[in-house]
Amino acid sequence: MVEPVRFAGRIIDWNDEKGFGFVVPSGGGERAFVHVSEFRRTSRRPVDGDLISYRTNKDTRGRLQAREIRHAGERIPERRQPSRVPRMAIGFVALVGVVGMAAIGTVPLLVACVYGVLSGLSYLMYWWDKSAAQQRGQRTPENSLHVVDLLGGWPGALIAQQQYRHKTIKQPFQSIFWITVLLNLIGAGWLTRSGIASELSKVIIG
């Protein structure tokens, strides 16, 4: 596979408070939008006049933007291996499983409804956050994603993570995510075994 072309250029009009600026290619040509999120986490903050190398693409409005940015002389990072966790399969199995258990009476219907609704909400939140990241829009706070996943939206989150390749290699996020999955399963199991979920189901659903 042919590697995309990398360009060299110099940063101009950098706004450190907002974390963006532009880059003008060294050989001349169209300037591209630069956002701080496209630098490696270990990189220093960019400043006006920095020499960088980058790749380009265009957003949905046809505006040129710099991607995979490195400071001049910065070592090429090792490419992370894509996650091998079958997230989408796990998410679908979890949803089908909870619906099946509700159908045979193992868990209250309310539990299946909560997982279904919150999984749908979580899926939409991940989709929105991925779109915002690509278009430089307002991002969804990670804490909001974790709260919805903790309450039962994690199957939908797993489906969205794999489908949109979003948040899958961000290790701090993934560590917290799997903790929310564990805590949710423990909580759902306790609510079911204690009979609280069944009582709530009778009150809410009838």
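**View 1. A look into the second largest pocket of this predicted model.** Thirteen is the count to keep in mind here: 13 residues line the second largest pocket, and V111, V114, L151, A188 and L191 lie nearest its centre. The elements that each give two or more residues to this lining are α2 (109-135), α3 (142-164), α4 (171-194) and α5 (196-204). Helix α4 hands over the largest share, five residues. Sort the lining by class and you get 11 nonpolar residues, two polar ones and no charged ones. As for room inside, the volume of the second largest pocket is about 250 Å³.

**View 2. Helix α2 from end to end.** With its 27 residues, α2 reaches 39 Å from first C-alpha to last, close to the 39 Å expected at 1.5 Å a residue. Its buried residues are a mixed bunch, including L110, V111, Y115, S122, M125 and D129. What sits over them? The cover for the buried residues of α2 includes α1 (87-103), α3, α4 and α5. Just after α2 comes R136, with a positive phi near 60 degrees.

**View 3. Zooming in on S119.** This serine belongs to helix α2. Is S119 buried or exposed? S119 has a relative accessible area of 3%, so it counts as buried, the cut-off being under 20%. Leaving aside residues up to four places away in sequence, S119 touches L95, V114, G152, G153, P155 and G156.

**View 4. Two lysine and arginine oddities in one loop.** R165 is found in the loop between α3 and α4, and K167 lies there too, between α3 and α4. R165 has a positive phi of about 50 degrees although it is not a glycine. K167, also not a glycine, has a positive phi of about 70 degrees. Which of them is buried, and which exposed? R165 is exposed, with a relative accessible area of 71%, whereas K167 counts as buried at 10% relative accessibility.

**View 5. Strand β2 and its two partners.** Start with the side chains of β2 (residues 20-25): G21, V23 and P25 point to one face and are buried, while F20, F22 and V24 point to the other and are not. In a regular strand, side chains alternate between the two faces of the sheet. Strand β1 (residues 7-15) pairs with β2 in the antiparallel sense over five bridges, and I12 has F22 as its bridge partner in β2. Four residues separate β1 from β2 in their hairpin, and G19 in the turn has a positive phi of about 75 degrees. Strand β3 (residues 32-35) also pairs with β2 in the antiparallel sense, over four bridges, with G21 standing opposite V34 in β3. This second hairpin, β2 with β3, has six residues between its strands, and the phi of G28 in the turn is positive, about 90 degrees.

**View 6. The hairpin of β4 and β5.** Strand β4 (residues 51-58) and β5 pair in the antiparallel sense over six bridges. Look for K58, which stands opposite L64 in β5. Five residues lie between the two strands, and G62 in the turn has a positive phi of about 80 degrees. How covered is β5 (residues 64-71)? Mostly: seven of its eight residues are buried.

Terms used. Residues numbered from 1 in each chain as written. Heavy atoms only, no water. Buried < 20%, exposed > 50% of the residue type's maximum accessible area, 1.4 Å probe, protein only. Pairing = 2+ DSSP bridges. 1 Å grid on protein atoms, 1.4 Å probe; cavity = no way out; pocket = protein on both sides within 12 Å on 5 of 7 lines; lining within 4 Å. Points joined across faces, edges and corners; volume = space filled by probe spheres on them. Nonpolar A, V, L, I, M, F, W, Y, C, P; charged D, E, K, R; others polar. Expected span 1.5 Å × (residues − 1). Contact = heavy atoms within 4.5 Å.
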